[in-house]
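Dear colleague,

I am handing over a structure for you to look through, and below it I have written down what was found. Please keep the viewer open while you read.

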Amino acid sequence: MQLLQQKIREEGRVLSNEVLKVDSFLNHQIDPQLMQEIGLEFVRRFESKEITKIVTLESSGIAPSVMTALQLQVPVVFARKRKSLTLKDDVYVSEVYSFTKQEKNEIAMSKNYVTADDHVLIIDDFLANGEAAFGLIDLVNQAGAVISGIGIVIEKSFQPGGDRLRETGLQVEALARIASLENGEVSFL
Ligand code: G4P
Ligand code: NA
Ligand code: NA
């Protein structure tokens with residue numbers, strides 16, 4: 001997606017060989033026009049798929065998800081991150097390991113909003129190791145819903161998440177695919 005690549009080139013900050021900061025339009029301040037274009041692009045890429053709901057993870061997955069959902073006229077459900085191990089039987093829970101933070105977290109999604117009748121598009125802002133995406137897949141599987149595909153705003157293709165996800169056979173669409181962040185420069189695939 002040309003517009004997104006341009007925005008990353010202009011405003012992204014390479015923090016290390018692994019980390020790209022995009023706080024000016026995605027992770028802190030949000031650019032609504034860009035999010036709208038992102039929504040339209042996800043709709044185009046998953047045109048052939050039935051989608052009754054979008055599932056994402058708080059917080060940075062919500063903006064691109066809402067813009068996509070607005071086009072499709074379906075609801076968005078965002079899984080919540082939680083520290084506590086308090087058991088509740090009205091939620092599906094999955095464990096997600098964050099390599100960035102080197103800690104295990106739980107993500108949880110209410111049993112009320114995703115059911116076996118749903119066809120779910122999963123959306124997230126970044127794909128690195130894929131832990132968050134696999135956690136979301138697990139939640140949707142627990143609900144018995146069909147997964148229609150995975151939409152990612154920015155994939156760091158030099159990390160293993162993209163390959164791991166595509167190995168599942170699910171349709172995975174990343175709007176910007178970064179081949180490398182070496183030498184302080186963003187190179188796209
Ligand atoms: P993984 O899910 O792919 O395994 O990734 P990891 O544990 O490494 O990522 C933890 C958090 O860092 C996630 O956000 C993820 O989206 C984000 N992240 C990973 N790589 C990058 C990067 O290069 N740049 C930026 N800006 N973020 C990255 P989160 O903690 O869930 O935060 P948020 O959704 O509240 O923003
Ligand atoms: Na993030
Ligand atoms: Na995220």
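In which loop is Q73 found? Q73 lies in the loop between α4 and β4, and before going further I should say that the model is a predicted one. Just after α4, this residue takes a positive phi of about 55°, which is worth finding in the viewer since Q73 is a residue other than glycine. Q73 is exposed, with a relative accessible area of 72%.

A second residue can be described in a similar way. Q102, also a residue other than glycine, has a positive phi near 50°, and it is found in the loop between β5 (91–98) and β6 (103–110). With a relative accessible area of 62%, Q102 is exposed.

On the other side of α4, the loop between β3 and α4 holds S59, and the peptide bond that leads from E58 to S59 is cis, with omega near -5°. Helix α4 itself covers residues 62–72, and its buried residues are A63, P64, S65, M67, T68 and A69. These buried residues pack against helices α2 (23–27) and α3 (32–45), and also against the strands β3 (53–57), β4 (76–82), β7 (119–127) and β8 (146–156).

Turning to charged side chains, the structure holds 12 salt bridges, of which I describe a few here. In helix α1 (residues 2–11), K7 and E11 lie four residues apart, about one turn of the helix, and they form a salt bridge in which the closest N and O atoms are 3.1 Å apart. K7 is buried, with a relative accessible area of 17%, whereas E11 is partly exposed at 31%.

Helix α3 offers another pair, E41 and R44, whose side chains meet in a salt bridge of 3.0 Å, N to O. Because E41 and R44 are three residues apart in helix α3, about one helical turn separates them. An α-helix has 3.6 residues a turn, so residues three or four places apart point the same way. E41 is buried, with a relative accessible area of 15%, while R44 counts as partly exposed at 47% relative accessibility. Both residues also belong to a network of salt bridges that links E41, R44, R45 and E173.

The last pair is E106 and R82, whose side chains meet in a salt bridge of 3.0 Å, N to O. This pair links distant parts of the chain, with E106 in strand β6 and R82 in strand β4, 24 residues apart, and both residues are buried.

With best wishes

Methods: Residues are numbered from 1 along each chain as its sequence is written. Chains are lettered from A and ligands numbered from 1 in the order in which they are written. This is a predicted model: local features need pLDDT of at least 70, side-chain atom pairs count only at pLDDT 80 or more; totals for chains, interfaces and linings use all residues. Side-chain values use heavy atoms; hydrogens and water are left out. Buried means under 20% relative accessible area, exposed over 50%, partly exposed in between (1.4 Å probe, protein chains only). Helices (H or I, at least four residues) and strands (E, at least two) are DSSP runs, numbered from the N terminus. Contact means heavy atoms within 4.5 Å. A salt bridge is a side-chain nitrogen of Lys or Arg within 4 Å of a carboxyl oxygen of Asp or Glu.
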